[in-house]
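Reader: I am new to this structure and would like to know what stands behind the words used for it. Could you walk me through it?

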Amino acid sequence: MVIALFVILVLILLLPFMVKQVEHNLEYFLFTMGIISVIVSKQFSIELFLHIFKNPLIYYITLAVLIAGLVFTLFKEKLKIGMEKITDKISLRLFAFIIIVFLGLMSSIITAIIASLVLVEIVNYLPLTRKNKINLIVIACFSIGLGAVLTPVGEPLATIVVSKLNADFFYLARLIGIDVIIAVVILGLIGAFFAKRESGTTNFMKDIDANENIKEVFIRAFKVFVFIFALELLGTGFKPIIDLYIVKMKSELLYWVNTISAIVDNATLAAAEISPAMTQEQVRAILMGMLISGGMLIPGNIPNIISAGKLKIKSTEWARTAVPLGGILLLVYYVVLFVI
C-alpha cells in the first residue's frame with residue numbers, strides 16, 4: 001500500500017508537466033488520482049463521499065468563485081476603465097507592491113478566497129505581458145497563502161491549528177506574525193520588479209478571458225468544485241503515510257517533508273501533525289514549511305487553484321516561477337528557524 005501511494009504521489013508531481021492532456025485537465029486528473037489513492041489506502045467508502053459533500057467549505061468556495069465570476073464578467077468594462085485610471089495616476093510597480101502586500105495581509109480578514117478573486121480580476125486588466133501577469137499572480141498567491149493564516153478566519157489551516165491547540169484568536173498572529181509580514185513585504189518588492197509596463201502598449205494586453213461568457217464562468221466554478229473535492233480525497237488517501245511516517249519526524253525534517261503540501265491539502269497535514277504537546281517553535285517551523293511550499297504548485301492552496309483556473313495558467317508556467325521562489329523562501333526561513 002505504501003509503495004503504491006508513493007507511486008501515486010510521483011505521478012501527481014510529474015504527469016502535469018509531462019503530458020499535455022493531464023495539464024489541460026488537471027482538475028479531473030487529480031480527482032482520478034484521489035479516487036485511486038483512497039482505494040489503495042482502503043479509505044474508499046460512501047461515508048467518505050458523504051462527509052466531503054457535507055463540508056460547507058467546498059460550497060462556499062465554489063459559490064464565491066461563481067458569484068465573483070458573474071459580477072466581474074458583467075462589470076468588466078468598468079473594471080478595465082478603473083484599472084486604466086489607477087495605473088495612469090500611480091506607478092505600476094508601486095500599485096503591484098500595494099496589491100501584493102494589502103491582499104496578503106487582508107486575506108486573514110476577508111479570507112484567502114476573496115483575496116484571490118480580487119487579485120485575478122485586478123491583474124487580468126493590468127497592462128502587462130502574459131509572462132509578467134503570471135509572475136505577479138504567483139508572487140501574490142504566495143503572499144495571500146502566508147497572510148491568510150494569521151487569523152482562524154483566513155483559511156481552514158489556521159482554523160484547524162487554533163482549534164487543535166485550544167488557542168485564542170490572535171495566537172497565530174503572535175506566533176508567526178513577524179515571519180509572515182516580513183515575507184509579504186519582500187514578496188511585494190519582488191512583485192514590483194515584474195510590474196513593468198510594456199512600451200507602446202495602448203490597451204490592456206490581450207486579456208486572457210476577454211471573451212469569457214456566463215457559460216464559462218459556470219464551468220470554471222464547477223472545475224473549482226472538482227479541484228477541492230480532489231484535494232479532500234488526496235488528503236484522505238495519503239493519511240496512512242502521514243500517520244505512519246510524517247508525524248513521527250523531528251521539526252527540522254518535518255519542515256522539508258511538509259513540502260508535500262504543494263500537492264496535498266495543508267489543512268489535512270496540520271490536522272495530523274499539530275499537537276498541544278509541541279513547543280511553539282515546533283508549531284512555527286511546521287506552519288512555515290507548509291505555508292511556503294503551498295505556493296509552489298497549483299494544487300498547493302486555494303488562491304493558486306482559483307488564479308490558475310481564471311487566467312488559464314498551466315502547471316509548467318506556474319512552477320517556472322513558483323518553484324525557484326518557494327525554494328529560496330524555504331532555505332531562508334530554514335536558516336531563520338533552525339540556524340540563527
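**Salt bridges, helices and core**

Author: Let us start with a small group: Asp179, Glu281 and Arg284 are linked in a network of salt bridges. This is a predicted model, where local features need pLDDT of at least 70 and side-chain atom pairs count only at pLDDT 80 or more, while totals for chains, interfaces and linings use all residues. Residues are numbered from 1 along each chain as its sequence is written, and side-chain values use heavy atoms, with hydrogens and water left out.

Reader: Why is the pair Glu281 and Arg284 called a salt bridge?

Author: A salt bridge is a side-chain nitrogen of Lys or Arg within 4 Å of a carboxyl oxygen of Asp or Glu. For Glu281 and Arg284 the N to O distance is 3.2 Å, so the pair fits the definition. Both residues belong to helix α16, three residues apart, about one turn of the helix. The structure holds five salt bridges.

Reader: What makes Arg284 buried and Glu281 partly exposed?

Author: The cut-offs decide: buried means under 20% relative accessible area, exposed over 50%, and partly exposed in between (1.4 Å probe, protein chains only). Arg284 has 14%, so Arg284 is buried. Glu281 has 47%, so Glu281 counts as partly exposed.

Reader: How do you know that Glu121 and Lys310 form a salt bridge, and which parts does the pair tie together?

Author: Their side chains meet at 3.0 Å, N to O, and the limit is the one given above. Glu121 lies in helix α8 and Lys310 in helix α17, so the pair ties together parts that are 189 residues apart in sequence. Glu121 is at 4% relative accessibility and therefore counts as buried. Lys310, at 3%, also counts as buried.

Reader: And what makes Arg130 and Glu317 a salt bridge?

Author: Here the N to O distance is 2.7 Å. Arg130 sits in helix α9 and Glu317 in helix α18, so this pair ties together parts that are 187 residues apart in sequence. Arg130 counts as partly exposed because its relative accessibility is 32%, whereas Glu317 is buried because its relative accessible area is 16%.

Reader: What makes a stretch of chain a helix, and how many helices are there?

Author: Helices (H or I, at least four residues) and strands (E, at least two) are DSSP runs, numbered from the N terminus. The protein chain has 18 helices and zero strands.

Reader: How do you know that the reach of α16 is close to the expected one?

Author: The expected span of a helix is 1.5 Å times one less than its number of residues. Helix α16 (residues 280-293) has 14 residues and reaches 20 Å from its first C-alpha to its last, close to the 20 Å expected.

Reader: Why is α16 called mostly covered, and what covers its buried residues?

Author: Eleven of the 14 residues in α16 are buried, including Val283, Leu287 and Ile292. Among the elements that cover them are α9 (130-147), α11 (171-194) and α18 (315-339). Ile176 is in contact (heavy atoms within 4.5 Å) with Arg284, Leu287, Met288 and Leu291, among others, leaving aside its neighbours within four places in sequence.

Reader: What makes a group of residues a nonpolar core, and how many residues has the largest one?

Author: A nonpolar core is a set of buried Ala, Val, Leu, Ile, Met, Phe, Trp, Tyr and Cys residues joined through side-chain atoms within 4.5 Å. The largest has 117 residues, and those with the most contacts inside it include Ile12, Ile176 and Trp318. Helix α12 (residues 214-237) gives the largest share of this core, eleven residues.

Reader: What makes the phi of Thr111 and Lys312 worth pointing out?

Author: Most residues other than glycine have a negative phi. Thr111 has a phi near 80°, and Lys312 has one of about 55°. Thr111 lies in the loop between α7 (92-110) and α8 (112-124) and is buried, at 11%. Lys312 lies in the loop between α17 (302-311) and α18 and is partly exposed, at 49%.

Reader: How do you know that the chain agrees with a compact globule?

Author: The radius of gyration is taken over C-alpha atoms, and the globule rule is 2.2 Å times the number of residues to the power 0.38. With 340 residues the rule gives a value near 20 Å, and the protein chain has 19 Å, so the two agree.
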